[in-house]
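This report looks at enclosed empty space inside a protein. Keep the sequence and the structure in view while reading.

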Amino acid sequence: GLRNHGNTCFMNAVVQCLSNTAPLAERLALGRYRARGARAEVTHRLAALVRALWTHDYTPQLSAEFKNIVSKHSSQFRGNAQHDALEFLLWLLDRMHEDLGAASPAQQSRGPPQVGCPAGTQHPRGQSFVQSHFQAQYRSSLTCPHCLKQSNTFDPFLCISLPIPLRQTRALNVTLVLQCERWRFVRVGLAVPLLGTVADLREMVAREGRIPPEQVILAELSSRGFLRSLSDPEALAAAGEAGPVYAFQPPPARRAVDLSLGLVGAGGFLAVIGGRHTACSSDCLHRAPSGRILLLLCNTAGTGLQLARFGPPLVLWEERCISWEQLQQSILAQLRGVLQGEVRPQGTGALFRIRLAGGMAPCTYLSPQDPRPLCHPAIDRALQLSGAGGPPHVKLTVEWDMSTKEWLFGSLQEEVVQDAESVRRQQQVHEQQHSCTLDECFQLYTKEEQV
(Lines give C-alpha, C1' and ligand atoms only; values in the text may rest on other atoms or scores of the structure.)
Protein backbone atom coordinates (compact mmCIF):
# COMPACT_ATOMS: atom_id res chain seq x y z
CA GLY A 1 0.00 0.00 0.00
CA LEU A 2 0.87 3.69 0.03
CA ARG A 3 1.43 5.80 3.10
CA ASN A 4 -1.32 8.28 3.86
CA HIS A 5 0.16 11.76 4.14
CA GLY A 6 -2.92 13.45 5.59
CA ASN A 7 -6.18 12.72 3.77
CA THR A 8 -4.35 11.49 0.67
CA CYS A 9 -6.51 8.38 0.34
CA PHE A 10 -8.06 9.83 -2.84
CA MET A 11 -4.55 10.19 -4.31
CA ASN A 12 -3.38 6.75 -3.18
CA ALA A 13 -6.46 5.06 -4.67
CA VAL A 14 -5.87 6.66 -8.08
CA VAL A 15 -2.18 5.76 -8.08
CA GLN A 16 -3.01 2.14 -7.24
CA CYS A 17 -5.53 1.97 -10.09
CA LEU A 18 -3.10 3.43 -12.61
CA SER A 19 -0.32 1.19 -11.33
CA ASN A 20 -2.51 -1.82 -12.08
CA THR A 21 -3.39 -0.62 -15.57
CA ALA A 22 -0.89 -2.78 -17.43
CA PRO A 23 -0.19 -0.68 -20.60
CA LEU A 24 0.40 2.51 -18.60
CA ALA A 25 2.33 0.79 -15.79
CA GLU A 26 4.74 -0.84 -18.26
CA ARG A 27 5.35 2.41 -20.13
CA LEU A 28 5.97 4.40 -16.95
CA ALA A 29 7.97 1.77 -15.05
CA LEU A 30 10.21 0.98 -18.04
CA GLY A 31 10.59 4.61 -19.04
CA ARG A 32 9.05 4.11 -22.47
CA TYR A 33 7.75 7.66 -22.75
CA ARG A 34 9.10 10.99 -23.99
CA ALA A 35 8.41 14.05 -21.89
CA ARG A 36 9.52 17.68 -21.97
CA GLY A 37 12.16 17.99 -19.25
CA ALA A 38 11.16 19.91 -16.13
CA ARG A 39 7.65 20.49 -17.45
CA ALA A 40 6.92 16.80 -17.02
CA GLU A 41 7.59 16.73 -13.26
CA VAL A 42 4.20 15.15 -12.45
CA THR A 43 4.69 12.34 -14.96
CA HIS A 44 8.30 11.73 -13.85
CA ARG A 45 7.28 11.48 -10.16
CA LEU A 46 4.35 9.19 -10.98
CA ALA A 47 6.66 6.96 -13.07
CA ALA A 48 9.13 6.73 -10.17
CA LEU A 49 6.33 5.83 -7.77
CA VAL A 50 4.88 3.14 -10.06
CA ARG A 51 8.35 1.70 -10.68
CA ALA A 52 8.98 1.51 -6.93
CA LEU A 53 5.69 -0.29 -6.34
CA TRP A 54 6.48 -2.97 -8.91
CA THR A 55 10.11 -3.43 -7.77
CA HIS A 56 9.21 -3.42 -4.06
CA ASP A 57 11.45 -0.39 -3.52
CA TYR A 58 8.65 1.86 -2.27
CA THR A 59 9.37 4.27 0.60
CA PRO A 60 6.96 6.88 2.05
CA GLN A 61 9.35 9.56 0.78
CA LEU A 62 8.38 8.73 -2.82
CA SER A 63 4.65 9.25 -2.27
CA ALA A 64 5.36 12.40 -0.24
CA GLU A 65 7.40 13.84 -3.12
CA PHE A 66 4.60 12.96 -5.54
CA LYS A 67 2.10 14.81 -3.33
CA ASN A 68 4.37 17.87 -3.20
CA ILE A 69 4.74 17.96 -7.00
CA VAL A 70 0.96 17.66 -7.41
CA SER A 71 0.46 20.56 -4.96
CA LYS A 72 3.02 22.61 -6.89
CA HIS A 73 1.17 22.26 -10.20
CA SER A 74 -2.40 22.36 -8.86
CA SER A 75 -3.43 24.67 -6.04
CA GLN A 76 -6.71 22.83 -5.53
CA PHE A 77 -4.86 19.79 -4.14
CA ARG A 78 -2.65 21.71 -1.71
CA GLY A 79 -2.98 21.13 1.99
CA ASN A 80 -4.58 18.18 3.71
CA ALA A 81 -8.20 18.60 2.65
CA GLN A 82 -10.25 15.70 1.32
CA HIS A 83 -10.88 15.50 -2.43
CA ASP A 84 -12.79 13.40 -4.91
CA ALA A 85 -10.76 10.55 -6.42
CA LEU A 86 -12.40 10.83 -9.85
CA GLU A 87 -11.69 14.56 -9.96
CA PHE A 88 -8.02 13.89 -9.21
CA LEU A 89 -7.86 11.09 -11.79
CA LEU A 90 -9.18 13.36 -14.54
CA TRP A 91 -6.71 16.10 -13.56
CA LEU A 92 -3.80 13.64 -13.49
CA LEU A 93 -4.63 12.12 -16.89
CA ASP A 94 -4.98 15.58 -18.42
CA ARG A 95 -1.63 16.62 -16.88
CA MET A 96 0.12 13.51 -18.19
CA HIS A 97 -1.38 14.18 -21.62
CA GLU A 98 0.17 17.66 -21.60
CA ASP A 99 3.50 16.37 -20.23
CA LEU A 100 3.77 13.96 -23.12
CA GLY A 101 3.63 16.85 -25.58
CA ALA A 102 0.02 16.86 -26.87
CA ALA A 103 -2.89 19.21 -26.61
CA SER A 104 -5.28 18.79 -23.69
CA PRO A 105 -8.18 16.41 -24.40
CA ALA A 106 -10.51 19.10 -23.12
CA GLN A 107 -9.32 21.40 -25.92
CA GLN A 108 -10.11 18.95 -28.71
CA SER A 109 -12.93 19.59 -31.12
CA ARG A 110 -16.25 17.89 -30.48
CA GLY A 111 -17.36 18.14 -34.11
CA PRO A 112 -18.25 15.20 -36.36
CA PRO A 113 -15.48 13.08 -37.87
CA GLN A 114 -13.93 13.84 -41.23
CA VAL A 115 -15.59 12.42 -44.32
CA GLY A 116 -14.27 8.94 -44.98
CA CYS A 117 -13.05 8.45 -41.39
CA PRO A 118 -15.11 5.62 -39.83
CA ALA A 119 -16.32 5.82 -36.24
CA GLY A 120 -13.79 4.57 -33.72
CA THR A 121 -10.71 5.30 -35.90
CA GLN A 122 -10.65 9.04 -35.53
CA HIS A 123 -7.23 10.37 -34.35
CA PRO A 124 -7.18 14.12 -33.76
CA ARG A 125 -3.96 16.05 -33.98
CA GLY A 126 -1.76 15.84 -30.91
CA GLN A 127 -2.66 12.26 -30.11
CA SER A 128 -0.84 10.96 -27.03
CA PHE A 129 -0.38 7.61 -25.37
CA VAL A 130 -2.74 8.68 -22.57
CA GLN A 131 -5.37 9.76 -25.04
CA SER A 132 -5.19 6.61 -27.15
CA HIS A 133 -5.58 4.37 -24.08
CA PHE A 134 -7.92 6.39 -21.83
CA GLN A 135 -10.09 8.36 -24.22
CA ALA A 136 -13.04 6.84 -26.05
CA GLN A 137 -15.63 8.10 -28.46
CA TYR A 138 -19.36 8.10 -27.88
CA ARG A 139 -21.69 7.88 -30.85
CA SER A 140 -25.22 9.19 -30.38
CA SER A 141 -27.76 8.19 -33.02
CA LEU A 142 -31.07 9.98 -33.39
CA THR A 143 -33.69 8.45 -35.71
CA CYS A 144 -36.80 10.33 -36.85
CA PRO A 145 -39.86 8.15 -36.13
CA HIS A 146 -41.61 9.50 -39.27
CA CYS A 147 -39.04 9.58 -42.08
CA LEU A 148 -36.56 7.22 -40.33
CA LYS A 149 -33.65 9.52 -41.19
CA GLN A 150 -30.73 8.95 -38.84
CA SER A 151 -28.36 11.57 -37.50
CA ASN A 152 -25.10 10.58 -35.79
CA THR A 153 -22.92 12.74 -33.56
CA PHE A 154 -19.59 11.83 -31.96
CA ASP A 155 -18.25 13.02 -28.63
CA PRO A 156 -14.92 12.02 -27.03
CA PHE A 157 -14.86 11.29 -23.32
CA LEU A 158 -12.35 10.34 -20.67
CA CYS A 159 -14.81 8.85 -18.20
CA ILE A 160 -18.37 7.63 -18.24
CA SER A 161 -20.87 7.20 -15.40
CA LEU A 162 -22.65 3.88 -15.87
CA PRO A 163 -25.98 3.03 -14.24
CA ILE A 164 -26.19 -0.19 -12.24
CA PRO A 165 -29.08 -2.49 -13.22
CA LEU A 166 -31.30 -3.01 -10.20
CA ARG A 167 -33.49 -6.01 -9.49
CA GLN A 168 -36.87 -5.38 -11.09
CA THR A 169 -38.87 -7.98 -9.16
CA ARG A 170 -39.55 -9.12 -5.60
CA ALA A 171 -40.72 -12.43 -4.20
CA LEU A 172 -44.38 -12.59 -3.19
CA ASN A 173 -46.14 -15.67 -1.82
CA VAL A 174 -49.79 -16.12 -2.78
CA THR A 175 -52.09 -18.79 -1.36
CA LEU A 176 -54.34 -20.22 -4.05
CA VAL A 177 -57.81 -21.27 -2.90
CA LEU A 178 -58.92 -23.28 -5.92
CA GLN A 179 -61.92 -25.49 -6.56
CA CYS A 180 -59.74 -28.48 -7.53
CA GLU A 181 -59.52 -31.06 -4.76
CA ARG A 182 -55.82 -31.77 -5.34
CA TRP A 183 -54.79 -28.12 -5.06
CA ARG A 184 -57.47 -26.90 -2.68
CA PHE A 185 -54.91 -24.87 -0.78
CA VAL A 186 -51.42 -24.28 -2.14
CA ARG A 187 -48.97 -21.43 -1.57
CA VAL A 188 -46.95 -20.42 -4.63
CA GLY A 189 -43.97 -18.09 -4.95
CA LEU A 190 -44.10 -15.42 -7.64
CA ALA A 191 -41.54 -12.90 -8.92
CA VAL A 192 -43.76 -9.82 -9.15
CA PRO A 193 -42.60 -6.57 -10.81
CA LEU A 194 -41.66 -3.77 -8.42
CA LEU A 195 -43.44 -1.16 -10.54
CA GLY A 196 -46.38 -3.37 -11.55
CA THR A 197 -50.04 -3.22 -10.64
CA VAL A 198 -52.45 -5.69 -9.09
CA ALA A 199 -53.64 -6.46 -12.63
CA ASP A 200 -50.17 -7.91 -13.33
CA LEU A 201 -50.44 -10.09 -10.22
CA ARG A 202 -53.88 -11.27 -11.29
CA GLU A 203 -52.48 -12.41 -14.65
CA MET A 204 -49.61 -14.26 -12.95
CA VAL A 205 -51.96 -16.02 -10.51
CA ALA A 206 -54.26 -17.01 -13.38
CA ARG A 207 -51.35 -18.59 -15.25
CA GLU A 208 -50.16 -20.38 -12.12
CA GLY A 209 -53.62 -21.74 -11.30
CA ARG A 210 -54.58 -22.29 -14.96
CA ILE A 211 -57.82 -20.38 -14.58
CA PRO A 212 -59.18 -17.31 -16.41
CA PRO A 213 -57.94 -13.98 -14.93
CA GLU A 214 -61.49 -12.68 -14.60
CA GLN A 215 -62.19 -15.46 -12.08
CA VAL A 216 -59.36 -14.49 -9.71
CA ILE A 217 -60.22 -12.63 -6.51
CA LEU A 218 -57.22 -11.22 -4.63
CA ALA A 219 -57.46 -10.34 -0.95
CA GLU A 220 -55.22 -9.88 2.07
CA LEU A 221 -55.90 -11.95 5.17
CA SER A 222 -54.27 -11.91 8.56
CA SER A 223 -54.45 -14.25 11.52
CA ARG A 224 -57.47 -12.20 12.67
CA GLY A 225 -59.48 -12.25 9.45
CA PHE A 226 -59.98 -10.34 6.21
CA LEU A 227 -58.08 -7.08 5.66
CA ARG A 228 -58.97 -5.85 2.17
CA SER A 229 -59.53 -6.82 -1.45
CA LEU A 230 -56.93 -5.83 -4.04
CA SER A 231 -58.06 -3.74 -7.00
CA ASP A 232 -56.42 -3.88 -10.45
CA PRO A 233 -55.28 -0.20 -10.64
CA GLU A 234 -53.45 -0.38 -7.29
CA ALA A 235 -49.67 -0.39 -7.22
CA LEU A 236 -48.20 -3.78 -6.47
CA ALA A 237 -45.54 -2.39 -4.12
CA ALA A 238 -47.79 -2.55 -1.04
CA ALA A 239 -49.42 -5.91 -1.80
CA GLY A 240 -48.74 -8.43 0.93
CA GLU A 241 -47.33 -5.93 3.44
CA ALA A 242 -50.37 -5.85 5.74
CA GLY A 243 -51.01 -9.59 5.51
CA PRO A 244 -50.59 -12.67 3.28
CA VAL A 245 -52.24 -12.51 -0.14
CA TYR A 246 -54.90 -15.08 -1.01
CA ALA A 247 -56.26 -15.77 -4.49
CA PHE A 248 -59.79 -17.17 -4.58
CA GLN A 249 -61.54 -18.94 -7.43
CA PRO A 250 -65.37 -18.80 -7.34
CA PRO A 251 -67.06 -22.21 -7.28
CA PRO A 252 -69.16 -23.27 -10.27
CA ALA A 253 -72.77 -22.11 -10.26
CA ARG A 254 -75.35 -24.50 -8.84
CA ARG A 255 -79.13 -24.61 -8.82
CA ALA A 256 -79.85 -26.10 -5.43
CA VAL A 257 -77.84 -27.47 -2.52
CA ASP A 258 -78.90 -30.26 -0.23
CA LEU A 259 -78.36 -29.10 3.32
CA SER A 260 -79.53 -32.23 5.12
CA LEU A 261 -77.17 -31.70 8.02
CA GLY A 262 -77.78 -31.97 11.72
CA LEU A 263 -75.50 -31.00 14.60
CA VAL A 264 -75.66 -32.01 18.21
CA GLY A 265 -75.69 -29.19 20.75
CA ALA A 266 -74.65 -29.01 24.38
CA GLY A 267 -75.35 -26.61 27.18
CA GLY A 268 -78.19 -24.95 25.27
CA PHE A 269 -76.22 -24.49 22.04
CA LEU A 270 -78.45 -24.52 19.00
CA ALA A 271 -77.74 -26.48 15.85
CA VAL A 272 -78.91 -26.74 12.28
CA ILE A 273 -81.86 -28.86 11.20
CA GLY A 274 -82.27 -30.56 7.85
CA GLY A 275 -83.60 -28.58 4.92
CA ARG A 276 -83.17 -27.72 1.26
CA HIS A 277 -81.96 -24.46 -0.26
CA THR A 278 -84.84 -23.48 -2.54
CA ALA A 279 -85.48 -20.68 -5.02
CA CYS A 280 -86.45 -17.15 -4.02
CA SER A 281 -89.94 -16.39 -2.93
CA SER A 282 -92.08 -14.03 -4.98
CA ASP A 283 -91.94 -11.54 -2.10
CA CYS A 284 -88.13 -11.45 -2.33
CA LEU A 285 -88.19 -11.02 -6.10
CA HIS A 286 -90.36 -7.93 -5.81
CA ARG A 287 -88.88 -6.29 -2.73
CA ALA A 288 -85.19 -7.15 -2.79
CA PRO A 289 -82.37 -7.53 -5.33
CA SER A 290 -82.55 -10.86 -7.07
CA GLY A 291 -79.80 -13.10 -8.38
CA ARG A 292 -76.75 -14.65 -6.77
CA ILE A 293 -74.05 -13.02 -4.69
CA LEU A 294 -70.48 -14.23 -4.25
CA LEU A 295 -69.40 -14.49 -0.61
CA LEU A 296 -65.89 -14.82 0.84
CA LEU A 297 -66.00 -16.05 4.43
CA CYS A 298 -63.52 -16.72 7.19
CA ASN A 299 -64.15 -18.01 10.71
CA THR A 300 -62.86 -16.34 13.86
CA ALA A 301 -63.16 -17.17 17.55
CA GLY A 302 -62.43 -15.18 20.69
CA THR A 303 -62.56 -11.46 21.45
CA GLY A 304 -60.11 -8.56 21.56
CA LEU A 305 -56.46 -9.57 21.43
CA GLN A 306 -57.50 -13.24 21.66
CA LEU A 307 -59.38 -13.07 18.36
CA ALA A 308 -57.97 -15.64 15.95
CA ARG A 309 -58.94 -17.04 12.58
CA PHE A 310 -59.51 -20.79 12.32
CA GLY A 311 -60.40 -23.20 9.57
CA PRO A 312 -60.14 -22.61 5.84
CA PRO A 313 -61.52 -19.48 4.16
CA LEU A 314 -64.65 -20.23 2.12
CA VAL A 315 -66.02 -19.11 -1.23
CA LEU A 316 -69.68 -19.71 -2.09
CA TRP A 317 -72.52 -18.40 -4.20
CA GLU A 318 -75.80 -17.57 -2.49
CA GLU A 319 -79.18 -16.18 -3.50
CA ARG A 320 -79.73 -12.63 -2.28
CA CYS A 321 -83.15 -13.54 -0.92
CA ILE A 322 -82.22 -16.42 1.41
CA SER A 323 -83.09 -16.30 5.09
CA TRP A 324 -80.63 -16.25 7.99
CA GLU A 325 -81.39 -19.91 8.72
CA GLN A 326 -80.67 -20.90 5.13
CA LEU A 327 -77.42 -18.88 5.11
CA GLN A 328 -76.32 -20.54 8.35
CA GLN A 329 -77.06 -23.99 6.95
CA SER A 330 -75.09 -23.21 3.79
CA ILE A 331 -72.05 -22.04 5.78
CA LEU A 332 -72.11 -25.15 7.99
CA ALA A 333 -72.42 -27.34 4.92
CA GLN A 334 -69.18 -25.81 3.63
CA LEU A 335 -67.53 -26.60 7.00
CA ARG A 336 -68.76 -30.20 7.05
CA GLY A 337 -65.27 -31.59 6.55
CA VAL A 338 -63.84 -29.96 9.72
CA LEU A 339 -66.81 -30.42 12.07
CA GLN A 340 -66.35 -32.78 15.03
CA GLY A 341 -68.72 -34.70 17.29
CA GLU A 342 -71.92 -36.60 16.88
CA VAL A 343 -74.38 -35.41 14.23
CA ARG A 344 -78.13 -35.46 14.84
CA PRO A 345 -81.05 -33.04 14.39
CA GLN A 346 -81.48 -30.29 16.93
CA GLY A 347 -83.42 -27.08 17.35
CA THR A 348 -82.86 -23.97 15.23
CA GLY A 349 -81.18 -20.67 16.11
CA ALA A 350 -78.08 -18.53 15.55
CA LEU A 351 -74.82 -20.32 16.23
CA PHE A 352 -72.61 -17.36 15.30
CA ARG A 353 -72.57 -13.73 14.30
CA ILE A 354 -71.80 -12.53 10.76
CA ARG A 355 -69.92 -9.28 10.27
CA LEU A 356 -69.16 -7.42 7.07
CA ALA A 357 -65.37 -7.45 6.73
CA GLY A 358 -62.82 -5.43 4.82
CA GLY A 359 -62.29 -2.22 6.79
CA MET A 360 -65.86 -0.92 6.61
CA ALA A 361 -66.80 1.51 9.37
CA PRO A 362 -68.81 1.35 11.47
CA CYS A 363 -68.93 -2.42 12.09
CA THR A 364 -72.01 -3.91 10.43
CA TYR A 365 -73.49 -7.21 11.55
CA LEU A 366 -76.18 -9.13 9.73
CA SER A 367 -79.21 -9.66 11.93
CA PRO A 368 -80.70 -13.14 12.49
CA GLN A 369 -84.08 -11.41 12.70
CA ASP A 370 -83.71 -9.97 9.19
CA PRO A 371 -85.78 -12.15 6.82
CA ARG A 372 -83.38 -11.33 3.97
CA PRO A 373 -79.97 -10.50 5.54
CA LEU A 374 -78.12 -10.45 2.17
CA CYS A 375 -80.47 -7.73 0.93
CA HIS A 376 -79.21 -5.26 3.53
CA PRO A 377 -78.06 -1.90 2.03
CA ALA A 378 -74.61 -2.45 3.55
CA ILE A 379 -74.22 -5.50 1.29
CA ASP A 380 -74.82 -3.31 -1.76
CA ARG A 381 -72.18 -0.83 -0.56
CA ALA A 382 -69.72 -3.69 0.00
CA LEU A 383 -70.30 -4.93 -3.54
CA GLN A 384 -69.50 -1.49 -4.93
CA LEU A 385 -66.29 -1.31 -2.86
CA SER A 386 -65.04 -4.78 -3.84
CA GLY A 387 -62.69 -3.17 -6.38
CA ALA A 388 -62.02 -3.42 -10.09
CA GLY A 389 -60.84 -6.76 -11.38
CA GLY A 390 -62.30 -10.13 -10.56
CA PRO A 391 -65.95 -10.91 -9.77
CA PRO A 392 -67.79 -8.51 -7.43
CA HIS A 393 -67.95 -10.07 -3.99
CA VAL A 394 -68.66 -9.46 -0.33
CA LYS A 395 -66.32 -10.47 2.50
CA LEU A 396 -67.99 -11.81 5.64
CA THR A 397 -66.44 -12.80 8.96
CA VAL A 398 -68.20 -15.55 10.89
CA GLU A 399 -67.62 -14.89 14.59
CA TRP A 400 -67.91 -17.79 17.05
CA ASP A 401 -67.69 -17.66 20.82
CA MET A 402 -64.93 -19.87 22.18
CA SER A 403 -67.16 -22.47 23.85
CA THR A 404 -69.19 -23.09 20.68
CA LYS A 405 -66.05 -23.21 18.56
CA GLU A 406 -64.38 -25.76 20.85
CA TRP A 407 -67.52 -27.91 20.96
CA LEU A 408 -68.03 -28.04 17.21
CA PHE A 409 -64.44 -27.71 15.92
CA GLY A 410 -62.18 -28.70 18.80
CA SER A 411 -58.68 -27.20 18.66
CA LEU A 412 -58.89 -26.47 14.92
CA GLN A 413 -56.44 -23.73 13.89
CA GLU A 414 -55.78 -22.03 10.54
CA GLU A 415 -55.87 -24.07 7.35
CA VAL A 416 -52.87 -26.21 6.46
CA VAL A 417 -51.29 -24.83 3.29
CA GLN A 418 -48.90 -26.79 1.09
CA ASP A 419 -45.91 -24.84 -0.24
CA ALA A 420 -45.08 -25.32 -3.90
CA GLU A 421 -41.45 -25.59 -4.95
CA SER A 422 -41.68 -22.05 -6.35
CA VAL A 423 -41.87 -20.61 -2.79
CA ARG A 424 -38.39 -21.88 -1.88
CA ARG A 425 -37.00 -21.09 -5.32
CA GLN A 426 -38.17 -17.46 -5.42
CA GLN A 427 -37.06 -16.85 -1.84
CA GLN A 428 -33.61 -18.22 -2.61
CA VAL A 429 -33.27 -16.16 -5.80
CA HIS A 430 -34.32 -12.87 -4.20
CA GLU A 431 -32.25 -13.35 -1.03
CA GLN A 432 -29.06 -13.60 -3.06
CA GLN A 433 -27.10 -10.39 -3.42
CA HIS A 434 -27.90 -8.83 -6.77
CA SER A 435 -24.89 -8.76 -9.06
CA CYS A 436 -24.28 -7.55 -12.60
CA THR A 437 -21.51 -7.48 -15.17
CA LEU A 438 -19.84 -4.43 -16.64
CA ASP A 439 -21.35 -5.40 -19.98
CA GLU A 440 -24.86 -5.26 -18.48
CA CYS A 441 -24.11 -1.75 -17.19
CA PHE A 442 -23.08 -0.66 -20.69
CA GLN A 443 -26.17 -2.26 -22.19
CA LEU A 444 -28.40 -0.34 -19.80
CA TYR A 445 -26.53 2.91 -20.48
CA THR A 446 -26.79 2.54 -24.27
CA LYS A 447 -30.39 1.30 -24.25
CA GLU A 448 -32.47 3.03 -26.91
CA GLU A 449 -35.01 5.49 -25.56
CA GLN A 450 -37.87 7.47 -27.07
CA VAL A 451 -37.17 11.23 -27.05
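Which residues line the second largest cavity? The model is a predicted one, and in it the second largest cavity is lined by L24, R27, L28, Y33, T43, M96, L100, F129 and V130. About 40 Å³ of space lies in this cavity. Two helices, α2 (22–29) and α6 (129–134), each supply at least two residues of its lining. The largest share comes from α2, with three residues. Sorted by class, the lining of the second largest cavity has seven nonpolar residues, one polar residue and one charged residue.

The search that found this cavity covered the whole structure, and it gave three cavities of 30 Å³ or more. Rolling a probe the size of a water molecule over the atoms shows where empty space is left.

The largest cavity has a volume of about 40 Å³. Its lining is made up of L2, H5, T8, M11, N12, V15, L49, S63, F66 and K67. Here α1 (9–19) and α4 (60–73) are the elements that each supply at least two lining residues. By class, the lining of the largest cavity holds five nonpolar, four polar and one charged residues.

The table sets out the class counts for the two linings.

| Cavity | Nonpolar | Polar | Charged |
|---|---|---|---|
| Largest cavity | five residues | four residues | one residue |
| Second largest cavity | seven residues | one residue | one residue |

To find the two cavities in the view, start from the helices: α1 and α4 for the largest cavity, and α2 and α6 for the second largest cavity.

Definitions and conventions:
Residues numbered from 1 in each chain as written. Predicted model: local features only at pLDDT ≥ 70, side-chain atom pairs only at ≥ 80, totals over all residues. Heavy atoms only, no water. 1 Å grid on protein atoms, 1.4 Å probe; cavity = no way out; pocket = protein on both sides within 12 Å on 5 of 7 lines; lining within 4 Å. Points joined across faces, edges and corners; volume = space filled by probe spheres on them. Helix = DSSP H or I, 4+ residues; strand = E, 2+ residues; numbered from the N terminus. Nonpolar A, V, L, I, M, F, W, Y, C, P; charged D, E, K, R; others polar.
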